[in-house]
Amino acid sequence: MSIFSINDFHGHIQPKSPTPLMPRLPDAQTGEIKPQAAGGVAYLASAVNKLRAGAKHSVFVAAGDLIGASPLLSSLLKDEPSLAALGELDLVASALGNHELDAGLIELKRKAKGECPPAGCAWPGYKNPGFPYLAANMLDAQTGRPVLPTHIIKDIAGLKVAFVGAVTRDTPSVVLPKAIVGLRFADEADTLNALLPQLRAEGAQVLVAVMHEGATHSGAANDASYQCPGLQGRGVDIAKRLDPAYAIIISGHTHQAYTCKINGRLFVQAGSYGGWVTESRLTLDASGKLLDAQAVNHPVLQSAYTPNPAFVALVQRAAELTAAARNKPVADLKQGAPRSAQAPFGDSPLGNLVADSQLAYAQKRGPADLALMNPGGIRADLTVEPGRPVTMSDLFAIQPFANELVVMTLSGAQLRDLLQRQLPKGDAPARLLQVSNSLRYQWRMGADGVAQLGEVSVGAKPLEATRNYRLVVNNFMADGGDGQGVLRQGTERVSIGVDIDAMVELLTENPGVMSQIASGRIRRE
């Protein structure tokens, strides 16, 4: 039996602008390790269909966050084309992800049922996507009963296979409170373990845990030994506490690609954005007893597959329906902003603009003291042409990842540690985190070649080591991306929206901000 799985698709139906994923893999012709374009639902369809054609008994499932924090092509259409596309790929079930709740439970149920508002759906002809969301541990706060299905049972290869779903217990810390009013989130392992008698009573012979929680992993997407040294995170703890009756754990949430075994049991994840597909091969006896389990992550390289024509047409249709919105004017600006910093400054005008937009967006929604932005996430200069307004497409070229903005709490000591750690090492070029207008600091290169952080101020006051600060970053950084491991220590996390929305809001309401983003917030002594 083969179980194919994806997770954290986040509405990435498009093949480019932005390219869903760029994993570093060997070039098919030269063997050179380099980033390669992967993902796009038309390529995903071809990959899944080809892989399933080679498997006698197979099923396709997902581990949550199929929608939410999506690129414009999907988000402008309320992610309905993404759900429709995945349904056409014969997805049989998905664990609920926290982002499925971004617009609230009522809206999620509407989409899951294929219902349309009186004015019609955003995606013409939208209907039931054909697969359920599973969340055994999302409970009605008053009754304690699950508000979505807990599991489904499918007949595969003559066996009754139960797919049991769970959403991360930490959903309240990564979703706006108003989206989950009246809901309670229980421990994943405890909940799935408690379901065992019911699953057995319903005749389930093989149990598969599909959960929107996972681990962090610095190794390759495929580990032939399944040892995965250094694997860590909540998913590991859950796996160790989950009853051995579950044959395999399909995980998500952490956007990592890995094939591991914890206490001998498969624990897998398929990265994100449809750039990978996990194939888990289970060898079972006639009673459903697991004899062997192997897994491999297949990259969905655009160079390796011919895009499925039906899904190419679906994406083109979405592009046509959203063209007006994507080409919508945002602001008339008198000047642009380059993304490169010029010495002796470490901040660029565009980096300052991005950070300022994120701080302003957060402050309208709650307390926030400063914002930081990774320079690698700023993909193009902001260029201004005389007589032409800046459009959504222009801004999307700058921030094409539709990253979620996260507000978290760090102490002053942790902030100082973060700033120190991101200073350049030796002769390496400085690629410093870009900062909001509330942050200023100096740094210098010591005689020993070690960079040293100098004075730091937040809100025109010296940074206090023992004070707590509310920091805004994108979810890539919040999860430790770009080596920002200190950010994993951030607490009281709240998801507030998507990065491009912050830029649109600031430029629409205050185009004069362009005169306030000059370099000089970060100075090298």
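In what order do the 5 strands of the open sheet with mixed pairing lie? In this predicted model, the order is S21-S18-S25-S20-S26. The edges of the sheet are taken by strand S21 (434-435) and strand S26 (491-498), each of which has a single partner strand, so one side of each is left without a neighbour in the sheet. Strand S18 (residues 370-373) and S21 run antiparallel and are joined by 2 bridges; within this pairing, Leu-372 has Val-435 of S21 as its bridge partner.

Two helices lie across strands of this sheet. Helix H10 (residues 349-363) lies across S18, strand S20 (404-411), S21, strand S25 (468-474) and S26, and runs at about 135° to S18. Helix H12 (residues 412-421), in turn, lies across S18, S20 and S25, with a direction at about 115° to S20.

The edge strand S26 also takes part in the lining of the second largest pocket, to which it gives the most, with 4 residues. This pocket holds about 670 Å³ of space, and of the 30 residues that line the second largest pocket, those closest to its centre are Ala-69, Asp-102, Ala-103, Val-498 and Asp-501. At least two lining residues are supplied by each of helix H2 (72-75), helix H4 (105-113), S26 and helix H14 (499-509).

The cysteines were examined next. A disulfide is a covalent bond between the sulfur atoms of two cysteines, and with sulfur atoms within 2.5 Å taken as the criterion, the count comes to 2 disulfides. When the bonded cysteines of the protein are numbered in sequence order, the pairing reads 1-2, 3-4. One disulfide is formed by Cys-116 and Cys-121, whose sulfur atoms are 2.0 Å apart; with -105° about the S-S bond, this link is left-handed. Cys-116 has a relative accessible area of 39% and is therefore partly exposed, whereas Cys-121, with a relative accessible area of 15%, is buried, the limit for burial being under 20%.

A disulfide also joins Cys-228 to Cys-260, with an S to S distance of 2.1 Å. The torsion about the S-S bond of Cys-228 and Cys-260 is about -95°, so this disulfide is left-handed. Cys-228 lies in the loop between strand S11 (206-212) and helix H8 (234-241), while Cys-260 lies in strand S13 (residues 257-262), so the pair ties together parts that are 32 residues apart in sequence. Both Cys-228 and Cys-260 are buried.

A further buried position is Gly-275, which is located in the loop between strand S14 (265-270) and strand S15 (276-284). Gly-275 counts as buried because its relative accessibility is 0%, where burial requires a value under 20%. When residues up to four places away in sequence are not counted, Gly-275 touches Leu-21, Ala-38, Gly-39, His-298, Pro-299 and Val-300. In addition, the C-alpha atoms of Gly-275 and Tyr-43 are separated by 9.2 Å, although these two residues are 232 residues apart along the chain.

Methods: Residues are numbered from 1 along each chain as its sequence is written. This is a predicted model: local features need pLDDT of at least 70, side-chain atom pairs count only at pLDDT 80 or more; totals for chains, interfaces and linings use all residues. Side-chain values use heavy atoms; hydrogens and water are left out. Buried means under 20% relative accessible area, exposed over 50%, partly exposed in between (1.4 Å probe, protein chains only). Two strands pair if DSSP finds at least two bridges between them. Contact means heavy atoms within 4.5 Å. Axes are lines fitted to C-alpha atoms, for helices over the stretch in contact, and angles run from 0 to 180 degrees between N-to-C directions. On a 1 Å grid over the protein atoms alone, a cavity is a set of points where a 1.4 Å probe fits but cannot get out, and a pocket is an open set with protein on both sides within 12 Å along at least five of seven lines; lining residues have an atom within 4 Å of a point. Grid points are joined across faces, edges and corners, and a volume is the space filled by probe spheres set on the points.
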